[in-house]
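Reader: I would like to go through the side-chain arrangement here with some care, one question at a time. Could you take the rings, the surface and the helix faces in turn?

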Amino acid sequence: MKSDEALQKLLNAFKRYYDITQENVLPPFDAQAVFHSHDEKFLLLKEIKLFEMDSNEHVYFSAGDILTPEKITELSDLAWKDGLSKVKPFYGHRNSDITVILLYQSISPEAKKAIRKQRHSKSYKLTFFGWSNFCLAAADLSRMKFYSNWFGRDTKSNIKLALTSLIKNV
């Protein structure tokens, strides 16, 4: 499977829950997606609000031929910086995670190690105003192998499930 095909199939799987953009995205990314969730709890009347909670995720997609450690560092730092600029912490803010999904034909052995080492995390006012974590997941499409950092474990399993099920259905 080519990286562009994998990207389009993955975006189709994401479009149910995420707002996806492929035009005017942050270069060098190929697509971006955003998820927002808002929850409120009341006590008998709407005027008596117990709490409100916002959860957000900003996802950056990149597809290509060969993934190197330098490319991982460049894309991770760029996505982290851009994602944090979109975070608006307040008392009802729970989390705003920044996720990078890399779909490449091959991943070098050094890049596999670099994926695991990518770590960014930030808390706002001792987590009273929420936090942000950096999730990174990558797919080696030639071998159908998947890699992630600590926070990207769930993302890795989701893209693995989406891409392998799409291949079986073809």
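Reader: Which residues form one aromatic cluster?

Author: This is a predicted model, and the structure holds five aromatic pairs. Phe14 and Phe61 form one of them, while Tyr18 and Phe35 form another. The residues of these two pairs belong to one aromatic cluster, which is made up of Phe14, Tyr18, Phe35 and Phe61.

Reader: How many residues apart are Phe14 and Phe61, and where does each of them lie?

Author: The rings of Phe14 and Phe61 meet edge-to-face, with 5.3 Å centre to centre and 85° between the planes. Phe14 belongs to helix 1 (residues 3-14) and Phe61 to strand 3 (residues 45-67), and the pair thereby links distant parts of the chain, 47 residues apart.

Reader: What is the angle between the planes of Tyr18 and Phe35, and what kind of pair does that make?

Author: Tyr18 lies in the loop between helix 1 and strand 1 (19-21) and Phe35 in strand 2 (residues 31-43), so this pair ties together parts that are 17 residues apart in sequence. Their ring centres are 5.7 Å apart. Planes under 30 degrees apart would count as stacked and those over 60 as edge-to-face, whereas the angle computed for Tyr18 and Phe35 is 50°, and the pair is tilted.

Reader: Is Phe35 buried, partly exposed or exposed?

Author: Its partner Tyr18 has a relative accessibility of 17% and therefore counts as buried, since the cut-off for that class is under 20%. Phe35 has a relative accessible area of 26%, and a residue between 20% and 50% falls in the middle class. Phe35 is accordingly partly exposed.

Reader: Which strand gives the largest share of the nonpolar patch on the surface?

Author: The patch is formed by Leu43, Leu44, Leu45, Ile48, Leu50, Phe51 and Met53, which together have about 700 Å² of accessible area. One of them, Leu50, counts as exposed because its relative accessibility is 54%, and Leu50 is placed in strand 3. The largest share of the patch, five residues, comes from strand 3.

Reader: Within what arc do the buried residues of helix 3 fall, and which exposed residues does the face turned away from them carry?

Author: In helix 3 (residues 109-117), the buried residues are Ala111, Lys112, Ala114 and Ile115. Looking down the helix axis, these fall within an arc of 165°, so they line one face of helix 3. The face turned away from that buried side carries the exposed residues Pro109, Lys113 and Lys117.

Methods. Residues are numbered from 1 along each chain as its sequence is written. This is a predicted model: local features need pLDDT of at least 70, side-chain atom pairs count only at pLDDT 80 or more; totals for chains, interfaces and linings use all residues. Side-chain values use heavy atoms; hydrogens and water are left out. Rings of Phe, Tyr and Trp (its six-membered ring) pair if their centres lie within 6.5 Å; planes under 30 degrees apart count as stacked, over 60 as edge-to-face and the rest as tilted. Helices (H or I, at least four residues) and strands (E, at least two) are DSSP runs, numbered from the N terminus. Buried means under 20% relative accessible area, exposed over 50%, partly exposed in between (1.4 Å probe, protein chains only). Patches are made of residues with over 30% relative accessible area and no salt bridge: like charges are joined within 9 Å, nonpolar side chains (Val, Leu, Ile, Met, Phe, Trp, Tyr) within 5 Å. Accessible areas come from the Shrake-Rupley method with a 1.4 Å probe; for residues, only the protein chains shown count as cover. A salt bridge is a side-chain nitrogen of Lys or Arg within 4 Å of a carboxyl oxygen of Asp or Glu. The arc is that of the directions from the helix axis to the C-beta atoms.
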